[in-house]
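Here is a short briefing on one protein structure. Keep the sequence and the 3D view open as you read.

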Amino acid sequence: MSPPPLCFPSINRTRKKKKAGEDDADSDKESDSTTRKDSNTVHFTEDTASYPTRVGVGPRPNRPRKLIRGNTPRIKLCFPWVIDWGHGSGRKEEEEEDLFSEATIYRDAPAASEAPPESTQTWASHVSQRYSEQSNDTQEEILRVPEPNPTEYQNQIPTLIYGWEVGLPRKDEDNGDILTADDPYPEDAPGLFTPESSRGSKWSKKSQSNGSVNTLTRSALERKKAYQDPIREHADTYTRLVELRNHMENEYLDYYIVMSEDAHQSEHTAETDKRREWITNFTGSAGQAIISKTAAYLITDSRYWHQAEQELDENWTLIRVGMPSGPQNWLDWFSDRVYESRVGVDLRMVSYETATRLDPLLQAKRSRLVYPSQNLIDLIWEDKPTRSKNKIYVQPIGQDASEKLVVQHVGTLVTDLACISYVLNLGGDDIPFNPGFISYLCIGLDRAILFIEQEKVEQPTRSYLQNLNVEIRDYNSIWWFLHMREWGDGKVIISPQTPYAISLLLTRYRYTIAPSIIEEMMSVKNEIEIGGLKYAYLRDSACYVQFLAWIDEKMSKGLQITEWEAAWRFTEFRSKAKNYVGLAYENISATGPNAALPHYTPLKSTSFIIDRETPYLNDSGGLYRDGTCATARTIHFGHPTTEQSEAYTRVLQGHIAIDSAIFPRGGMNYINGTGHGVRSSLKGMHDFSSDVPLTHGHVLTNEPGYYKPDEFGIRIGSVLVVREVRTKYADLDSWLGFERLTCVPIQTRMVLEHMLSSEEKEWLVQHNRACLEALEGLLHDDERAVRWLHREAVDIGIAPAPGSNTD
């Protein structure tokens, strides 16, 4: 027999102080005679003698409720997170990995005579079948609990696990109820969390307090519930190192170098190419592993020192490079260490530029590079992932591909995956958040050859390539092609980043080293590409403002939000934007000590609750069909300390200085610690190297930062396009400046006004007002976002120095 619906039509509750040492269960065991019958009493009425059917609840959830009935089994609600009810410090209950986890509902053990049917004892484990509807009579929420059906319940759990598909555009799904995405505790909602609703979007009535029209479908909530963190194996590396050293002994090697890059010199690689990560457990994108007969070293720069300390086990020694008083890179450190040694490395994973620098350094120490026939990591990596078989697709980027393929040379060999994708107007998904697909491309005077796994090219794409006169060959046949020198007489042009193995196979008489003309084409945007970027940044900035307004409102109401929750919600805002394709890179959503890690990415299972005492940093971007976006902002939800405010103000001053800079053509190089180049509509962000002189049409980020280990981090990042400017003393062609694409206000709560010059104050005021003018029209349907935008751009201005909370 199905239990009747459990209804909540009235509004009363009982409060009782818990005695010292008394647990929750004991505090509930009070007799009916001691229960006060007043306006705060909750009464159950029942239609049967076996279980409760009507429970009274209050309209304002300003404290956890205990529902009490005289003779029927009692129900207790436990709220498994830290809750700040607006009365001071948060109240700790049970902690779980997800902030908005479901409330646990269970029954106290009833007397034998009161035992309910078996079906009613198990309904709490199937509460995801609840749904909300509005009562026309009482204007209060009605929660119905149908009879549990484990099979049906399991079928409701989505099988999709995001993996690398995290942040893909949300499809419109009208098969579920429309649920609001507002507070877990709307002010006019009953004081009860519905289990299975992970954000309070269970309430069918939109919140009247904020005017927001943003909604999520039930399927969106299911996607969030179903998301699982990527499995990151953290194995003991001792056994792996022993096996590797056995192979080193067979090759008579004293050292073996494991690079981070793949055979195309990609900074971010596919799972099958994460050899350095597999041998070290270090997940950062930059670093080299060097293994000797008795020791193992990881060499990386300051961006990853703290991360490496956390991820390396006792078998590894961290070598810090880039400090003023120490080695500047791994080549400096390693060349000082070796003597009369045989150093092994996979030639495919080392660029021509790196190998030609390392080889003379080793020769000076009577050492030499040795090239084993197989990668030694591959020999011991038993469960190594296979190479991606994802299909490639046509992706128009800038000008027509036929115009990009025109060359004035016998042959140009392209190994960089982004360059191949750009020149052919093709896209792929072999590497997360990157445009490329594993391949090589040789461009000749009258034809081009694409070396790629054949099954990745479907017939429409194959026909497209044939129309471009591009021949398709198997990926591994590149080596036979180079050996046979099929291009005929003349030298092939290769870039300095070409794998060293290719240059050795060609011999120096068959190739010429020259900067990649394709990289130059990619880095300098034409007006059509810049126009697309402007529209993309308007939409992405509007999404950013929606997110900031949302999180500001939730935090001001005392809700506890995790770093992962914030990143997930931001992605939902972006997924509704026009031309949205996916995320440009993994969300950086960090609070407290995590914000001091420049490349921190939160996991659902381990992310921190966002702190009100330290800055919160969000660095993220959307990929749109007309542009790739990246924006970083740091905000504070409480009272910043003087130290935090001073650091924030210094970072802001650096940001303003770069944004306002005017410099001679060819006289200012981009500095890696300040920003990087940006692609137009390709996945991935980095577009040109740090030693390229800036010129008209370059697009780059301006993102200075400050990171105090184990405490907090600050970064302010916007995207700029280089433009020709007129000055008082020079012609138009001589000087360059920046045009800003990002339109997200900069919070002023942490600004120390006395540190700013009058010009810097004016820049900040005008910047935020310009954001208001650009975005107000796009956000007219979101009252919450418009109110936040007005407040940040007009009402606040420059915030005074925090005097009540200083160091």
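The points below cover a sheet and its helices, the cysteines, and one loop residue. The model is predicted. Three elements to find first are strand 24, strand 27 and strand 28, which form an open antiparallel sheet.

**The sheet and its helices**

- The 3 strands of the open sheet run in the order 24-27-28.
- Strand 24 (580–583) and strand 28 (627–628) are the edges, and each pairs on one side only.
- Helix 17, residues 527–556, packs on this sheet and touches strand 27 and strand 28. The direction of helix 17 makes about 140° with that of strand 27.
- Strand 27 covers residues 622–624 and is joined to strand 28 by 2 bridges.
- Within this antiparallel pair, Leu623 sits opposite Thr628 of strand 28.
- Helix 18, residues 563–575, lies across strand 24 and strand 27. Helix 18 runs at about 160° to strand 24.

**Cysteines**

- Searching the whole structure turns up 0 disulfides.
- Cys419 counts as buried because its relative accessibility is 2%, under the 20% cut-off.
- Cys442 has a relative accessible area of 5%, so it is buried as well.

**Leu312 in its loop**

- Leu312 belongs to the loop between helix 7 (305–311) and strand 13 (317–320).
- With 13% relative accessible area, Leu312 is buried.
- Leaving out residues up to four places away in sequence, Leu312 touches Thr280, Phe282, Leu298 and Leu318.
- Thr280 is 32 residues from Leu312 in sequence, yet their C-alpha atoms are 6.5 Å apart in space.

Technical notes
Residues are numbered from 1 along each chain as its sequence is written. This is a predicted model: local features need pLDDT of at least 70, side-chain atom pairs count only at pLDDT 80 or more; totals for chains, interfaces and linings use all residues. Side-chain values use heavy atoms; hydrogens and water are left out. Two strands pair if DSSP finds at least two bridges between them. Helices (H or I, at least four residues) and strands (E, at least two) are DSSP runs, numbered from the N terminus. Contact means heavy atoms within 4.5 Å. Axes are lines fitted to C-alpha atoms, for helices over the stretch in contact, and angles run from 0 to 180 degrees between N-to-C directions. A disulfide is a pair of cysteine sulfur atoms within 2.5 Å. Buried means under 20% relative accessible area, exposed over 50%, partly exposed in between (1.4 Å probe, protein chains only).
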